[in-house]
Structure formats: structure tokens, C-alpha cells
Amino acid sequence: MTLEFALTRSDRPAADDVRASVLAEPGFGRHFTDHMVSIDWTLDGGWHDARVEPYGPLQMDPASAVLHYGQEIFEGMKAYRRADGSVWTFRPDQNAQRMQRSAERLALPQLPEEDFVEAVRQLVAIDEAWVPTGGEDSLYLRPFMIANEVFLGVRAAQTVRFMVIASPAGPYFPGGVKPVSIWLSREYNRAGRGGTGAAKCGGNYAASLLPTQQAVQHGCAQVLFLNEEGTDLEELGGMNVVLVKADGTLVTPASESILDGVTRNSLLQLAADAGHEVEQRTVTLAEWRDGVADGSITEAFACGTAAVLTPIAALKSHDEVIGDEHAPAGPVATALRKQLTDIQYGRVEDPHGWMVQLTEAQASGAESAEAR
Ligand SMILES: *Cc1c(COP(=O)(O)O)cnc(C)c1O
């Protein structure tokens, strides 16, 4: 049985000119739309009280479990506006299913896929005016789930809330796609065997902040983590990593402790469609080092919903630099990035049926005048 959503409209939505000035330069993650979705869960009552309500602060008891033990998971996805005004999202079933897997690992309840997708649809429908129109602009959607039981005992919470908030986002690379250097963390791991590496939980991000600060101190945008033995690639703080060989083969780590990215899976599918070999297997640091040295590895990139695809120019560490930090974006990365964003914005055919429509096309001023 799917949930019914009760709607309480904001009586203080942002004025048109305020919203317009946000949408003119949205940045990332600082401005939020007029509404939010909440669904409550209790051990006895299951999921209930689904609602769309005015965006605003939560009232939370200081003894809420999430504030102490970090029992929290989240997702990240986007709504894209097409030239005809309609708004679409990308593979929401994948985010819904991944949130169920994350929930299982964090001992949180699983929200059914239909309710997850409906929650996103409801929020985008009411806050549709917040979906930007610009080239690579989008409305970033942040579903998340928190343990809000008031109890300091250490066990899975019996009171939980799922929410969705939305934030207009500008292009990740306002000045055009620029390759970045990344820092190889030798001191810290992101995840260990049997840990929470494959779950999208806030705790993983908390643990990546210090290594990321170190990366920034070394002039790098992001940090790359290895496995516990320090031999094999895992992923970046919040993005997956892919290497491209001179023969066109794409190679990416297969590991139980990395996050299974929707962007990575989609890029690998597009690459396979275009005739590239794709290998998901153990990838050693030595393979990257030697491959760059002998020319058999020609490109590297990071990928995730926020940036789509970020070319990696160089991997730096205390003792070496792999690659050339001034290298331009490679042709394979550039083509894949364009193809995926073209699908997302409806500029080309969507061969795998990845896009899900959230709102109808809008008659433009001229067209509606004609129709009248
Ligand atoms: C979210 C995330 C990614 C990217 O996943 P997408 O589904 O492509 O957005 C990669 N690594 C980590 C650690 C993540 O949290």
C-alpha cells in the first residue's frame, strides 16, 4: 500500500524576485526551496504521516539518537529542466534501492521504492518554480533518514524520520570542465572490510573530512582512499574513480567497501554501448603508476551526481606524482560526460529509459498565445 501525502502550503514562499536572484547564481547547497517532505516511522506503526509542508527548522530533542550515534543515511539526486519546461529526474529507482541497502546496514527501516519516488515527485511538483533553466543547472534533491527516537541507549532507534529537501544548484564547473589533482591518503582509510563503506551514511563523510583537509593543504581538490593494505584503489571521499587505458578499456575498482555510484554505473553502460571494454575488478595503485609511466593508461576521472564527471589530471602523494597536473581533459572522459548530461537534459535520446518525468512541459508565452 502506497502512502498518501498531506499537503500544507507555505504561507510565506520566497518572493518571485528573491527566488529569481537565487536561481541566477544558485551555487551549491546554500539555498532551499519553500517546502520539504517528511514521513515518520515507528516500530509499531511502520511508515505513516507522509506530508509536504513548509521548509523550516526541525524541533528536535537533544537526546535524539542521531545526534549521538550517527544513525543516518542519505541520497543525492537531481531534477533537470528541459528546453520545453518539463522537469525530469535520473534513475530514481536506483537511489531508492540504494537507500534501502544503506538502511539495512545502518539498522534503519526500508522505505518502499514507490514511496521514495513519490516523495521526490511531490516536492518537485510543488517547488517546480525552483528548478533552474540554465545550461548545467539543476535542482539538487537530498532525501535522508534520521533516527529521532529520544533515547540514549545503544540500539537501533524505534522512531525514525525520512525527509526530502531540495536546493537549486549551479554548474559544478562554472568556467568549463577543469581537470583536478587529487591527494592520495596514506594515513587514513575510508572504509574497512565489513564496515559501512558501501552505505551512503553521514559517518563516512565525517571520517573523510580530515583527510580532505589534508588534500586541500596539498593543493588538491579531493582525496583518494586505498584499501586497508594500501595496495588497491577504493574511491574518493564522495566520488567513484575510473581509469581509461590506451586501448579504450575502462577500469574501475570492484570492492565491497565502496559506494556503488549510479553515475559510475551509467557511464560504464554508455561506454560499453559505445564499444569500450569495461572491467570492474581489483585495481592496484601500481597499475595506475606503471600504466601512466608506460603510456598504457591515458585518462582518469572521478564521477558522482554532483559533478557528473571530473577528469583527474594527477594523483599526488608525499613521495610521488602520477600524471601531469596540467594535463587537459581526455577525449573519453569528455565524450562520456557530454553524453550523460545530454541524456539528463533531454538533448539526445535516452536509450535505456533512465529518465523519469516529474512535471509536464510548459507552453511558452508565444505558444500559449497562439493556442488562444
Ligand atoms: C554518493 C557517493 C558516490 C557517487 O554516487 P552517485 O550515485 O553517482 O551520486 C560515490 N562515492 C561516495 C562515497 C558517495 O557517497
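Reader: How do the residues of the lining of the largest pocket divide into nonpolar, polar and charged?

Author: In this predicted model, local features need pLDDT of at least 70 and side-chain atom pairs pLDDT 80 or more, whereas totals for chains, interfaces and linings use all residues. Residues are numbered from 1 along each chain as its sequence is written, and side-chain values use heavy atoms, leaving out hydrogens and water. A pocket is an open set of points on a 1 Å grid over the protein atoms alone, where a 1.4 Å probe fits, with protein on both sides within 12 Å along at least five of seven lines, and lining residues have an atom within 4 Å of a point. Here the lining comprises 19 nonpolar, 15 polar and 6 charged residues, where Ala, Val, Leu, Ile, Met, Phe, Trp, Tyr, Cys and Pro count as nonpolar, Asp, Glu, Lys and Arg as charged, and the others, Gly among them, as polar.

Reader: Where does the ligand sit?

Author: A molecule sits in a pocket if more than half of its atoms lie within 2 Å of its grid points, and the ligand sits in the largest pocket.

Reader: Which side chains make polar contacts with the ligand, among them that of Tyr 205?

Author: A polar contact is a pair of N or O atoms within 3.5 Å. A polar side-chain atom of Tyr 205 lies 2.5 Å from a ligand oxygen, Glu 235 places one 2.6 Å from a ligand nitrogen, and an N or O atom in the side chain of Thr 305 is 2.6 Å from an oxygen atom of the ligand.

Methods. Polar contact = N/O pair within 3.5 Å; in protein donor to acceptor, adjacent residues only side chain to side chain.
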